[in-house]
Amino acid sequence: MPAAGLTTATGEPLADRLAAQLRLAGADEVRFAATLDELSDLVATATAPVLVTGTDLVAHTAVLRHLATSPVGPTVALVLGDPPVPGRTAVREERGQVVDAGALDALDGDATGVFGGALRVGVDDLPTLAAAARAAAAGGSVTTGGPGSAVDRLFAGLAALGTLIFAQRVRLLVAHRVEDQAGLTAAEAAVTAVDEDRAELRLSVKERDDFFSTYFVSTWSPYVVRLSARLRLTPTGVTVISVLFALGAAVLFGVGGRPALVGGAVLLYLGFVLDCVDGQLARYTRHFSAWGGWLDTMADRAKEYLVYAGLGFGVSHAGLGNGWALAIAAMTLQTVRHMTDTWYGVLHDEAARRPRTASNASGGIGDRLNAASTRVQADTGSVSYWLKRTVVFPIGERWALIALTVALFNPLVSLIAVLVWGVLAFAYTGALRTLRARWMWVPVLDTVDATLHRDDGPLARWLPVVRPMGPLTLAVIAALGPAVLLVGALLSDAPEGLRWAVPVALLVLLVGGLGAGAAHNGPLDWLVPAALRAAEYLFAIAVGVVGEAPGWLIFGYVFVLTVHHYDLTARLEKRQAAPPLHAATVGWEGRSVLLALAAIAGIAGIGLATLSAYLLVVFVVSVVLAWFVRPARSARASVAPAGAGGAAPR
């Protein structure tokens, strides 16, 4: 195309400079493809992710490096906010996904940007890329971009074949596609005017974060990021340090006394700063890994629940009340909330990928709520924007509330405040999300392994299937029996006398298993995992109360369960397979049966301790296998020479 003959201010061809930038961005090898057929042949032999660019791109090297290392998904496209021009592919983006791409008039005015002329394609999508290249070269109908550059037609064809493509937006840095020498000169001037390293440091901070994080952390955390980079700390190392800070805060909260409480509040705040810094450091240094992302997710929850444990112990130690009961309630509430957050996010992503239909195009309260939410989100910095982000009680606000209330008052006030705000936030988000989900009517559990994410064991799979009631109704009924038993045990002067009710509550709980084999395609079936989590936690807590087990033991058992369930959600978010030893966890219903037997036998405490120790061992072994042993075996197998017991290289 015309840009191929342009020369930069230094006299080198633009294409050559782009090739040099690709190498600096991490490309192992740079090839020039004269035709799309030639590109298809090159892609067919690739065994690693491929970066594809046109020769008309003028950008900071950091833009290409961000594209090459983006952690959002395997296939990512550069999307610019430039006005669409003829021959360029327009893009409609929702929730970071490219949901439509083609000529501007084909998008019916819904374009949110234009293709930036560069994309990274993951290994699993390479066959589709080769097919799109062949179709674009032949002028097949698969392309919707119409006439234009080869890379535009290639991208439009890849999107038309249904590839899940994520959008990489350019912020603070510069990227432009040029057509003539004047455009090239202007784009080079824009690139030169920006300090690349300073921009990258600012880019390490999330563009849209919560109120407390934005104004009380991110205003100075970039300095910590730069210091950490100079000290050659890794994001994982910072995560570990933040866990130690949170653990120190939990210990001080348990010790009690005003100096310890104030010191714990300071440690908690600094621990949260480091919790932000680990992600910012990863973005600044571009050191992303599946292990680091998984560890960060798990550490966030472990830190928060360790703090709840410290607060609970502090309340009981100071004689202010049953602190362990409040800590268990806070942990259970927060975990169930997180389960709904995870699956609502999956619901929204799935809705963005599906074409709009007449039933959800307009009208109804769901449509009005969706439009109102979009308007508020677009009005960044307004009072309504910050209220919307704060009322849902995100982690920054939770940690700030804990630090302030424990420093000014005591652990009892802190736990009560967390519970009250958490319940209100859950009611608010639950009501609005239910209305919007009914409007969207998009099933998500039927697109994944429902058995895995329900956490069903063999017993649930053997139970008969009751389809007319639906899996969500059955899951809610399953939670009612344990809830009634728990309330009765808490109100009774002799909870041990309710051992006879444990089998009854278990039978009600097992009703949730009757929906395991039914289709999870209702508009609200994304709530099934959260409902089953609530049912299992309530039953375990009820068994502990009936069996008069100590509060710390009940907390410990539920904590281990939350770790197991967060592992599942973290793998869902990272698009990973089931844990290696998932079958050994015997499912929510299997664990509940074992606890019921222990309660009936009068050894509820022993049952809780034994089962929690067993599940913790299974979890640790599973982590070692998944993140260390299996990758090491795969690495050895990939380098083993032919004839030496390994697979022949391809």
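Mentor: A cavity is a set of grid points where a 1.4 Å probe fits but cannot get out. Its volume is the space filled by probe spheres set on those points. Keep in mind that this model is predicted.

Trainee: How many cavities of 30 Å³ or more does the structure hold?

Mentor: It holds 2. The largest cavity has about 110 Å³ of space, and the second largest has a volume of about 40 Å³.

Trainee: What makes a residue part of the lining of the second largest cavity?

Mentor: A lining residue has an atom within 4 Å of a point of the cavity. Met339, Trp343, His453, Pro529, Arg533, His565, Leu568 and Thr569 line the second largest cavity, so each of them meets that cut-off. Helices H13 (323–353), H23 (528–546) and H24 each give two or more residues. The largest share, 3 residues, is from H24.

Trainee: Which of its lining residues is called charged, and why?

Mentor: The lining has 4 nonpolar, 3 polar and 1 charged residues. Asp, Glu, Lys and Arg count as charged. Arg533 is in the list of lining residues, so Arg533 is the charged one.

Trainee: What lines the largest cavity?

Mentor: It has 13 lining residues, and His564, Asp567, Thr585, Val618 and Phe619 lie nearest its centre. Helices H24 (551–573) and H26 (604–639) each supply two or more of the lining residues. H26 gives the most, with 5. By class there are 8 nonpolar, 4 polar and 1 charged.

Trainee: And why is a pocket not called a cavity?

Mentor: A pocket is an open set of points, whereas a probe in a cavity cannot get out. The second largest pocket has about 1200 Å³ of space. Its lining counts 39 residues, with Arg31, Leu39, Val50, Leu51 and Val52 closest to its centre. Elements giving two or more residues include helix H1 (14–24), helix H2 (36–44) and strand S1 (50–53). The lining splits into 25 nonpolar, 9 polar and 5 charged residues.

Trainee: Why is Ser382 called buried?

Mentor: Buried means under 20% relative accessible area. Ser382 has 15%, so it is buried. This residue sits in the loop between helix H15 (364–378) and helix H16 (383–391).

Trainee: What makes the pair Ser382 and Ser384 a polar contact?

Mentor: The cut-off is 3.5 Å between N or O atoms. Their side chains come to 3.1 Å, so the pair passes.

Trainee: Which residues of helix H7 are buried?

Mentor: In H7 (196–203) they are Ala199, Glu200, Leu201 and Leu203. Their cover includes helix H3 (61–69), helix H9 (221–230) and helix H11 (258–285). At the start of H7, a side-chain oxygen of Asp195 comes within 3.2 Å of the backbone nitrogen of Asp197.

Trainee: Why would residues in a helix point the same way?

Mentor: An α-helix has 3.6 residues a turn, so residues three or four places apart point the same way.

Trainee: How do you know that the protein chain is as compact as a globular protein of its length?

Mentor: Set the value against the rule. The radius of gyration is 27 Å, close to the 26 Å that the globule rule gives for 650 residues, so the chain is that compact. The chain has 26 helices and 8 strands. Buried residues make up 51% of its 650.

Trainee: What share of contacts with a separation of 6 or more links residues 24 or more positions apart?

Mentor: That share is 81%.

Definitions and conventions: Residues are numbered from 1 along each chain as its sequence is written. This is a predicted model: local features need pLDDT of at least 70, side-chain atom pairs count only at pLDDT 80 or more; totals for chains, interfaces and linings use all residues. Side-chain values use heavy atoms; hydrogens and water are left out. Buried means under 20% relative accessible area, exposed over 50%, partly exposed in between (1.4 Å probe, protein chains only). Helices (H or I, at least four residues) and strands (E, at least two) are DSSP runs, numbered from the N terminus. Contact means heavy atoms within 4.5 Å. A polar contact is a pair of N or O atoms within 3.5 Å; within protein, one must be able to donate a hydrogen and the other to accept it, and residues adjacent in sequence count only if both atoms are side-chain atoms. On a 1 Å grid over the protein atoms alone, a cavity is a set of points where a 1.4 Å probe fits but cannot get out, and a pocket is an open set with protein on both sides within 12 Å along at least five of seven lines; lining residues have an atom within 4 Å of a point. The radius of gyration is taken over C-alpha atoms; the globule rule is 2.2 Å times the number of residues to the power 0.38.
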